[in-house]
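Work through the exercises below with the sequence and the model side by side, and try each task before reading its solution.

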Amino acid sequence: MDKYEEYINVFDALSHPVRIKIIGILTQGRQYVSELARLVNVSRPLLYMHLKKLETAGLVTNAMEISKSGKAVKYYALEDFQLRITKELLHGLSEHIIIETPARGGG
């Protein structure tokens, strides 16, 4: 994946308040899915959708572990990252964007 796509994935991941909330919770330490869904106040399927965006952006990782009771538990943790947005960065990214004029309807 090139840098342009990586940045677009990060911007996309950070564009929703639920994902910002997830990141905020994970700054305190890794969390298992059921507890994370409870803390964010969303369903597990919706949580997984948001976590997928964060994973695609490389902001979170997951690990499956077996609990003492023998149950498989999926944990999510925040990756260490630093993001600095500058006008030069945005200018460079903008050069990858081609906006096509929509075709006019015939008539």
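**Exercise 1. Place H16 in the fold, and then follow its side chain to a partner.**

Solution. Begin with the position: H16 sits in the loop between α1 and α2, where helices (H or I, at least four residues) and strands (E, at least two) are DSSP runs, numbered from the N terminus. The model is a predicted one, in which local features need pLDDT of at least 70 and side-chain atom pairs count only at pLDDT 80 or more, while totals for chains, interfaces and linings use all residues. Residues are numbered from 1 along each chain as its sequence is written, and side-chain values use heavy atoms, with hydrogens and water left out.

Next, take the accessibility: H16 has a relative accessible area of 30% and is therefore partly exposed, given that buried means under 20% relative accessible area, exposed over 50%, and partly exposed in between (1.4 Å probe, protein chains only). Finally, follow the side chain of H16, which reaches the backbone nitrogen of V18 at 3.1 Å. A polar contact is a pair of N or O atoms within 3.5 Å; within protein, one must be able to donate a hydrogen and the other to accept it, and residues adjacent in sequence count only if both atoms are side-chain atoms.

**Exercise 2. Is H50 buried or exposed, and which residues does H50 touch beyond its sequence neighbours?**

Solution. First locate H50, which is found in helix α4. Its relative accessible area is 3%, so H50 is buried. Then list the contacts (heavy atoms within 4.5 Å): not counting residues up to four places away in sequence, H50 touches H16, V18, R19 and I22. With R19 there is also a polar contact of 2.8 Å between the two side chains. As for H16, the C-alpha atoms of H16 and H50 are 8.7 Å apart in space, although the two residues are 34 residues apart in sequence.

**Exercise 3. Compare the surroundings of L51 and E55.**

Solution. Start with L51, which lies in helix α4; its relative accessible area is 0%, and L51 is therefore buried. Leaving aside neighbours within four places in sequence, L51 is in contact with I22, L36, V60 and Y76.

Turn now to E55, which is also placed in helix α4, but at 26% relative accessibility E55 counts as partly exposed. Beyond residues up to four places away in sequence, E55 touches V60, N62 and Y76. V60 and Y76 therefore appear among the contacts of L51 and again among those of E55.**Exercise 4. How many aromatic pairs does a search of the whole structure find, and where do their partners lie in the chain?**

Solution. Rings of Phe, Tyr and Trp (its six-membered ring) pair if their centres lie within 6.5 Å, and planes under 30 degrees apart count as stacked, over 60 as edge-to-face and the rest as tilted. By this rule the search finds 2 aromatic pairs. One of them joins Y7 and F11 and is tilted, with 6.2 Å centre to centre and 40° between the planes. Because Y7 and F11 are 4 residues apart in helix α1, they are separated by about one helical turn. An α-helix has 3.6 residues a turn, so residues three or four places apart point the same way. Y7 is partly exposed at 23% relative accessibility, and F11 is partly exposed as well, at 27%.

The rings of Y32 and Y75 have their centres 6.1 Å apart and their planes at 70°, so this pair is edge-to-face. It links distant parts of the chain, since Y32 is in strand β1 and Y75 in strand β3, 43 residues apart.

**Exercise 5. Describe helix α3 and the residue just after it.**

Solution. Look first at the buried residues of helix α3 (residues 33-40), which are V33, E35, L36, A37 and V40. They pack against α2 (17-26), β1 (31-32), α4 (44-56) and β3 (72-78). Then step past the end of the helix: just after α3, N41 takes a positive phi of about 70°, and N41 is a residue other than glycine. N41 belongs to the loop between α3 and α4 and, at 66% relative accessibility, counts as exposed.
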